[in-house]
Amino acid sequence: MKQLNKKRILVKILEELSTEMGFEVQFLSEDWITVIKRQNKVGYIYGYEWGINSSTAQLLAKDKEATYEILSRNHINAIEHKLFFNYNWQAKYIGQKGCWAEIMKYVQKCQSDGNYRIVCKPNKGTGGNDVSRISNQWELESTVQKMFSKYHDLCLCPFYNIENEYRVIFLNGKSLLLYAKERPYIVGNGKDTLATLVIAKYKEQGLSYLNDLLEKLELIVPKGEKVVMSWKHNLGNGANAIIIEDESLKAKLAEFVKLAADALDIKFASIDIVVSNGTYYIMEVNSGIMIENFAAQQPNGRYNYYEITKDIYRLAVKTLLEQ
């Protein structure tokens with residue numbers, strides 16, 4: 001049975017670093033608030049939000065449409081996010097005209113061959129939670145109703161055929177970690193069905209992938225053919241982190257994320273970049289530095305993902321206590 005309230009990797013690492021770096025650490029509110037003390041200096045971490053960024057930078061990064069507006073204003077390629085308010089809040093704050101006509105206008109702009117090509121997500125969501133791909137009117141209405149039952153607002157954005165997605169952890173002008181997000185996949189053997197191959201490779205976790213592959217479950221996958229399980233690239237949904245070693249790609253990504261970080265005036269951020277039709281876009285800028293899923297992965301090779309994560313948090317603690 002899965003353990004509830006399991007200690008976060010961040011908490012474990014901070015406990016280790018407190019001994020190594022000589023600071024006091026105290027955890028409050030079920031470990032969600034962290035107090036770090038050294039001599040007369042005190043710093044705080046709230047969830048995954050460090051007291052390194054200004055409150056304005058944090059709010060801009062948390063708001064997907066705000067991030068898009070700032071980046072596009074600074075001529076930085078970014079995935080468009082269009083904000084729509086929950087009808088229960090809209091009348092109070094921006095009048096009674098409603099939002100459905102504007103939603104339909106935006107969706108129709110993103111149509112292709114009669115199909116909707118839209119992604120719906122919480123404006124302030126993380127980790128790929130409640131992110132849905134929409135291809136028809138029924139899915140649109142169902143998803144919007146579901147989202148407005150949970151959130152004050154939502155974002156719509158065009159669906160892009162993403163070739164690659166990368167994440168960069170950025171601190172004080174430097175890219176500390178750059179990795180690609182490899183979506184879960186199977187390779188056919190010419191004998192077994194797609195469903196059999198998925199369960200054989202991913203066990204119980206594979207059941208969640210099958211919902212998106214209902215029409216292909218009995219398909220015999222040709223030998224050597226690669227089938228990707230999900231359109232999402234989130235590590236929390238089974239994607240694998242591959243540390244980038246190509247120096248030219250690292251330099252290109254580092255330059256790109258610095259432009260975005262400077263535009264938002266953010267010092268500590270986790271920045272997602274996607275490539276579609278050969279063009280690079282900023283997908284999201286996250287002020288909450290959540291590296292738990294990365295740290296938990298340990299593929300065979302020369303990289304220790306836990307120690308890499310620890311080194312990043314070590315630098316963050318140093319920055320927090322010295323600023």
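Buried here means under 20% relative accessible area, exposed means over 50%, and partly exposed is what falls in between (1.4 Å probe, protein chains only). The views below come from a predicted model, where local features need pLDDT of at least 70, side-chain atom pairs count only at pLDDT 80 or more, and totals for chains, interfaces and linings use all residues. Residues are numbered from 1 along each chain as its sequence is written, and side-chain values use heavy atoms, with hydrogens and water left out.

**View 1. Trp32 meets Tyr48 edge-to-face.** Rings of Phe, Tyr and Trp (its six-membered ring) pair if their centres lie within 6.5 Å; planes under 30 degrees apart are stacked, over 60 edge-to-face, and the rest tilted. That rule gives seven aromatic pairs. In this one, Trp32 and Tyr48 sit 5.8 Å apart centre to centre, with 90° between the planes. Trp32 is in the loop between strands E1 (24–28) and E2 (33–38), while Tyr48 is in the loop between E3 (41–46) and E4 (49–50), 16 residues apart. Helices (H or I, at least four residues) and strands (E, at least two) are DSSP runs, numbered from the N terminus. Trp32 is partly exposed at 37% relative accessible area, whereas Tyr48 is buried at 13%.

**View 2. Trp50 stacks with Tyr313.** The ring centres are 5.7 Å apart and the planes differ by 15°. Trp50 belongs to strand E4 and Tyr313 to helix H11 (residues 305–322), so this pair ties together parts 263 residues apart in sequence. Both residues are buried. Phe268 joins Trp50 and Tyr313 in one aromatic cluster.

**View 3. Two arginines sit over aromatic rings.** A charge counts as over a ring if NZ of Lys or CZ of Arg is within 6 Å of the ring centre and within 35 degrees of the ring normal. Arg8 puts its charged end over Tyr48, 4.7 Å from the ring centre. Over at Phe159, Arg133 lies over the face at 3.8 Å from the ring centre.

**View 4. An open sheet of five strands carries helix H9.** Two strands pair if DSSP finds at least two bridges between them. The strand order is E13-E10-E9-E14-E15, with antiparallel pairing. Strands E13 (240–243) and E15 (279–286) are the edges, each pairing on one side only. Inside the sheet, eight bridges join E9 (residues 164–171) to E14 (residues 268–276), and Phe170 stands opposite Ala269 in E14. Helix H9 (residues 247–264) packs on the sheet and touches E9, E10 (174–182), E14 and E15; contact means heavy atoms within 4.5 Å.

**View 5. Glu20 bridges to Lys310.** A salt bridge is a side-chain nitrogen of Lys or Arg within 4 Å of a carboxyl oxygen of Asp or Glu; the whole structure has 17 of them. The closest N and O atoms of Glu20 and Lys310 are 2.6 Å apart. Glu20 is in helix H1 (residues 9–21) and Lys310 in helix H11, 290 residues apart. Glu20 is partly exposed at 46%, but Lys310 is buried at 6%.

**View 6. Lys318 and Glu322 form a salt bridge within helix H11.** Their closest N and O atoms are 3.3 Å apart. The two residues are four apart in H11, which means a separation of about one helical turn. Lys318 is partly exposed at 40% relative accessibility, and Glu322 is exposed at 51%.

Definitions and conventions
Axes fitted to C-alpha atoms, helices over the stretch in contact; angles between N-to-C directions.
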